[in-house]
Amino acid sequence: MFKRNIKITKDYFSLIKFKNKYLIIFIIVDLINVLVSLFVPYFISLIVESVTNGFYDKSFTFLTLLGITYLFNKVGSYCTNWCYANFFKEAYVEVHSTLVNSIYNFDEEYSKKIPIGKIINSSNTDIINIAEIPSFIIELSVEIVKLLIIYIVFIRKNFLVALYVISIDFLYYNFARKCNDKNSFYLKKQRIYADKITGLLSQILVGLKDIKCFGIGDKLNNKLDGYRKKWQENYFLKRKYYFSRKTLVNLIIDFGKVTLYFIMIIFLMNGIIQIATFLLLISYYDKAKESINSIMNFDVSIRGESVSLYRINEIINYGNNALKLDGMIHNDEISGIIEFQNVSFKYGKIPILKKISFVAKPNQVTTIIGKTGTGKSTIFNLLLRLYKVDSGKILIDNLNIYDYSKDVYKSNISIVNQKTFIFNMSIKSNLSLIDSNKKRQINACKRVGIHDFIMSLPDGYNTILKEDATNISGGQKQLLSLARALLTTSEIILLDEVTSSLDPNTTNKIIMLLDDLKTDHTLIVITHNKDIMKATDKLIVLNNGKIECTGKHEDLIKNNEFYRQLYNK
């Protein structure tokens, strides 16, 4: 127990890196407070002894001291709670901030390693759950000190009684520890199924329209029922070992007290001890019982909260150990010449790109096409530095992309995805996430052709968009995403299937916009749209991870059979 709790303490404070005066005050006052509480049985025994012997003046003195002890104890308890609340309000912000910042570093494969339900639960429940770890560890330590002091009192008063009490407590401790081990084991399993329930529920909310359309709610409910049943089983087993310790195992202490009464009465009858000693040792036996129960309660609580601690650490460590690239080149004067030199890449053992080479130049629209799974999106993922190439080089302005500093790189390359995300806030606030300058926001929206639509709305730029902008059309959402990309001042813009699912009129607007944007950008487009293929300056045709051909549409449609078949499809 002790080694494990020491490790949990170290791991907690490696997560909470700041020093806090309130926690130090809490430790000092709590220790003093617990030690002072040990005087309560002592003063009670003296009061009884004084009254029994007719020393009433002394009894009133001890009664006054008892009252002062109670007052000090309650004021101390208030002080410790106040200090701890101040400590944790800062700790919560620290942990939540660390957790969210680590999420920003996640790679594209994160959902395979860490379930979304786990991330959601950890960002809320787990951070609250670890609130009391330092408190429980400190309280456990103080209770151990308190128990040792009680044993010393027993040893000084009567060695045989002390030996008996220690034996009873040791027996109780061993049975209680086994219950705690089982409790912790089933708690971990219970949390796993809670994550599965939360993860599936979040997917149900996202896919609600499809669920209604295909009528698959009952099948999803069956899956949820399976998770809920497992949660129930593990919850019950966790609680079973908890209440077994609190009831059946606790009988060891209770029957031990009955036997102690018997022994003490025999000693009292034979004059071995006095009535004051009898009362003091019985009171201290109850205090010892309280302490060892508290130790076991704190132990099971620490174990329970450590489950949350290590869940949080797993998420943070995943983000911290994800691919981090921050080179030494801080030159922000980038023209935007992109070159792939014999680039190969595979996901796991599956080869995706096989020694591909091409150049994308500024003031041109370079379009990548190919069948699904040929590596188009992988090229974008590599350009965004989400992965490292297995071999070959990717250059921007003749410099390796991994040599650029993080700030320079992210300010010079941006992407507009096929399924771009808009936040549940105003249009202005969404744009302000990139650039808060109102004039530049308006200019960007005018350039992509969405300004007039925004101004036609009752609240204009202050119009609140629903999550993922479901209260505007797909085309308007895509134009807003393009405006957001322009606000980044990136020299390079990647566009991934931006015209899919758009009406012909909006598609034509985007084609005209591409012609405008290439005047001061390097544009790389992934598309299946024939009109974009025709209008592009350079086509790169992928086939099974290799470049089949490059050129303009009119040349390839005449001279390349593979492109002709792909285009006609």
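Asn180 is buried in this predicted model, because its relative accessible area is 1%. The residue belongs to helix H8, which spans residues 159–206. Its side chain makes a polar contact of 3.1 Å with the side chain of Arg245. Apart from residues up to four places away in sequence, Asn180 touches Arg245, Met296, Asp299, Val300 and Arg303.

Two of these neighbours, Asp299 and Arg303, touch Asn180 and also take part in a salt-bridge network. That network joins Arg4, Arg177, Asp181, Asp299 and Arg303 through shared partners.

## Salt bridges

Side chains of opposite charge can pair when their charged atoms come close. The count for this model comes to 21 salt bridges. Three of the pairs are set out below.

| Pair | Closest N to O distance |
|---|---|
| Asp126 and Arg311 | 2.7 Å |
| Lys346 and Asp390 | 3.9 Å |
| Arg447 and Asp520 | 3.0 Å |

The salt bridge between Asp126 and Arg311 has its closest N and O atoms 2.7 Å apart. This pair links distant parts of the chain, with Asp126 in helix H6 (residues 116–129) and Arg311 in helix H12 (residues 275–321), 185 residues apart. Both Asp126 and Arg311 are buried.

In the salt bridge of Lys346 with Asp390, the closest N and O atoms are 3.9 Å apart. Here too the pair links distant parts of the chain: Lys346 is in strand E1 (residues 338–347), while Asp390 is in the loop between helix H13 (376–383) and strand E4 (391–396), 44 residues apart. Lys346 has 40% relative accessibility and so counts as partly exposed. Asp390 is also partly exposed, at 42%.

Arg447 and Asp520 meet through their side chains in a salt bridge of 3.0 Å, N to O. Arg447 lies in helix H16 (residues 438–448) and Asp520 in the loop between helix H19 (504–517) and strand E8 (522–526), so this salt bridge ties together parts that are 73 residues apart in sequence. The relative accessible area of Arg447 is 29%, which makes the residue partly exposed. Asp520 counts as partly exposed at 37%.

## A buried acid without a salt bridge

Glu139 is in helix H7, residues 133–157. Glu139 is buried but has no salt bridge. Lys146 is the nearest side chain of opposite charge, and it is 8.5 Å away. A salt bridge here requires a side-chain nitrogen of Lys or Arg within 4 Å of a carboxyl oxygen of Asp or Glu. Setting aside neighbours within four places in sequence, Glu139 is in contact with Phe26, Asp30 and Phe298.

Phe26, one of those contacts of Glu139, is also part of an aromatic cluster. Ring pairs link Phe26 with Tyr84 and Phe87 in that cluster.

## Aromatic rings

A pair of aromatic rings is described by the distance of the centres and the angle of the planes. The structure holds 19 aromatic pairs. In the pair of Phe185 and Tyr186, the ring centres are 5.0 Å apart and the planes stand at 80°, so the pair is edge-to-face. Phe185 is partly exposed, with a relative accessible area of 44%, whereas Tyr186 counts as buried at 15% relative accessibility.

Tyr404 and Tyr409 have ring centres 6.2 Å apart and planes at 45°, so the pair is tilted. Tyr404 counts as buried because its relative accessibility is 2%. Tyr409 is buried as well, with a relative accessible area of 4%.

Charged side chains also lie over rings. Lys58 is over the face of Phe55, at 5.4 Å from the ring centre. The charged end of Lys530 sits over the ring of Tyr567, at 5.0 Å from its centre.

## Ser414

Ser414 is in strand E6, residues 413–416. Its relative accessible area is 9%, so Ser414 is buried. Ser414 and Leu494 are 80 residues apart in sequence, and their C-alpha atoms are 6.2 Å apart in space. Not counting residues up to four places away in sequence, Ser414 touches Ala485, Thr488, Ser490, Ile492, Ile493 and Leu494.

Notes. Residues are numbered from 1 along each chain as its sequence is written. This is a predicted model: local features need pLDDT of at least 70, side-chain atom pairs count only at pLDDT 80 or more; totals for chains, interfaces and linings use all residues. Side-chain values use heavy atoms; hydrogens and water are left out. Rings of Phe, Tyr and Trp (its six-membered ring) pair if their centres lie within 6.5 Å; planes under 30 degrees apart count as stacked, over 60 as edge-to-face and the rest as tilted. Buried means under 20% relative accessible area, exposed over 50%, partly exposed in between (1.4 Å probe, protein chains only). A charge sits over a ring if NZ of Lys or CZ of Arg is within 6 Å of the ring centre and within 35 degrees of the ring normal. Helices (H or I, at least four residues) and strands (E, at least two) are DSSP runs, numbered from the N terminus. Lys and Arg count as positive and Asp and Glu as negative; His and the chain ends are not counted. Contact means heavy atoms within 4.5 Å. A polar contact is a pair of N or O atoms within 3.5 Å; within protein, one must be able to donate a hydrogen and the other to accept it, and residues adjacent in sequence count only if both atoms are side-chain atoms.
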